[in-house]
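Hi,

Here is the structure I promised to pass on. Have a look, and my notes follow underneath.

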Amino acid sequence: MSADPLVLVIGGTRGTGLLTAHSLQRQGVPVRVFARNPQSARARLGPTFELITGDITQPDTLPPALEGATHVVFTAGCRSGRPTTERHIRETEYGGVVNTLAAAQRVGFGGRFLYMTASGVTSRSWSTAILNFYKGNTLVWRERAEHAIRASGLEYTIIRAGILLNRTGGQRALLVTQRPLPLSIRYRIARADVAEVFVAALNHPRAGRATFEVVWGDGPPRDWLPTLLDQLKPDAPADSYSPPA
Ligand SMILES: NC(=O)c1ccc[n+]([C@@H]2O[C@H](COP(=O)([O-])OP(=O)(O)OC[C@H]3O[C@@H](n4cnc5c(N)ncnc54)[C@H](OP(=O)(O)O)[C@@H]3O)[C@@H](O)[C@H]2O)c1
């Protein structure tokens with residue numbers, strides 16, 4: 001961690017982002033949480049976090065949040081498990097990422113942008129078709145968001161998680177792989193485990209410019225998380241990317 005670390009967590013008001021924010025704070029890392037509704041965020045997070053008000057679909061709210069941040073953890077998305085329109089998905093899960101990348105460039109952000117997405121973005125199956133049907137082509141727009149991140153020139157880590165469960169972390173072995181996994185009930189993981197993967201990836205040298213999947217493996221935990229990340233290889237250089245109209 002650099003001399004004065006400050007991690008901005010976008011999506012830190014609930015779910016995996018909230019768990020990541022708490023884990024970082026337990027380790028003494030200062031955290032700023034980006035919140036659409038600071039009152040309800042304060043009630044959920046408690047008094048010890050810096051909160052900044054903003055919305056990823058409103059570009060002007062992002063540069064102040066990025067000012068002074070050494071790293072960004074981005075877990076925001078349309079609410080898990082709820083159907084929504086393609087317009088809402090496009091504006092939030094694609095537009096929100098593009099707006100954040102643009103704001104990062106505008107303020108001269110030089111840290112790592114760590115992005116949470118889902119298994120299945122590049123491997124089609126019945127499960128991806130069903131999810132895309134009820135949730136506005138979410139995986140299509142998330143694949144485009146990945147392209148935008150790789151082409152941004154920023155240092156990044158893209159973490160694709162399996163199906164998320166609210167379970168206690170640290171109970172199961174983790175499988176970290178750069179082989180694309182299908183979206184499947186076979187590939188699940190606790191949000192608490194994903195949060196620890198974000199924390200471990202924050203400064204891990206092998207996680208820079210890398211995309212990987214994380215799901216539960218078989219049996220109890222075996223490996224120290226940073227050791228699991230030691231096997232990562234950087235992504236192929238990004239093609240130039242033209243945003244969809
Ligand atoms: N469900 C799955 O199985 C699965 C699997 C892999 C990946 N994912 C993706 O992983 C991410 C984390 O999932 P999760 O279930 O742990 O989290 P979640 O409960 O869905 O929380 C989403 C977060 O995004 C924030 N957010 C949404 N729209 C926003 C906006 N316009 N501006 C600012 N913040 C916004 C929410 O803020 P508010 O508190 O204001 O609502 C919340 O903090 C999500 O992007 C999800 O789609 C899901």
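The charges first: the mean positions of the 28 positive and 19 negative charges of the protein chain lie 6 Å apart. Lys and Arg are counted as positive, Asp and Glu as negative, with His and the chain ends left out; each charge is placed at NZ of Lys, CZ of Arg, CG of Asp or CD of Glu.

Before you read on, this is a predicted model, so local features need pLDDT of at least 70 and side-chain atom pairs pLDDT 80 or more, while totals for chains, interfaces and linings use all residues. Residues are numbered from 1 along each chain as its sequence is written, and side-chain values use heavy atoms, without hydrogens or water.

On the fold, the protein chain has 8 helices and 10 strands (DSSP runs numbered from the N terminus: H or I of at least four residues, E of at least two). Its C-alpha trace spans about 40 × 40 × 35 Å along the principal axes.

Inside, 53% of the 245 residues count as buried, meaning under 20% relative accessible area with a 1.4 Å probe, protein chains only. The largest nonpolar core (buried Ala, Val, Leu, Ile, Met, Phe, Trp, Tyr and Cys joined through side-chain atoms within 4.5 Å) has 39 residues, and L24 and L174 make the most contacts inside it. Helix α7, residues 191-201, supplies the largest share of this core, 6 residues. There is also a second, separate core of 29 residues, with F34, I52, V97 and I149 among them.

Back to L174: beyond its neighbours within four places in sequence, its contacts (heavy atoms within 4.5 Å) include I189, D193, V197 and W216.

Cheers

Methods: Buried < 20%, exposed > 50% of the residue type's maximum accessible area, 1.4 Å probe, protein only.
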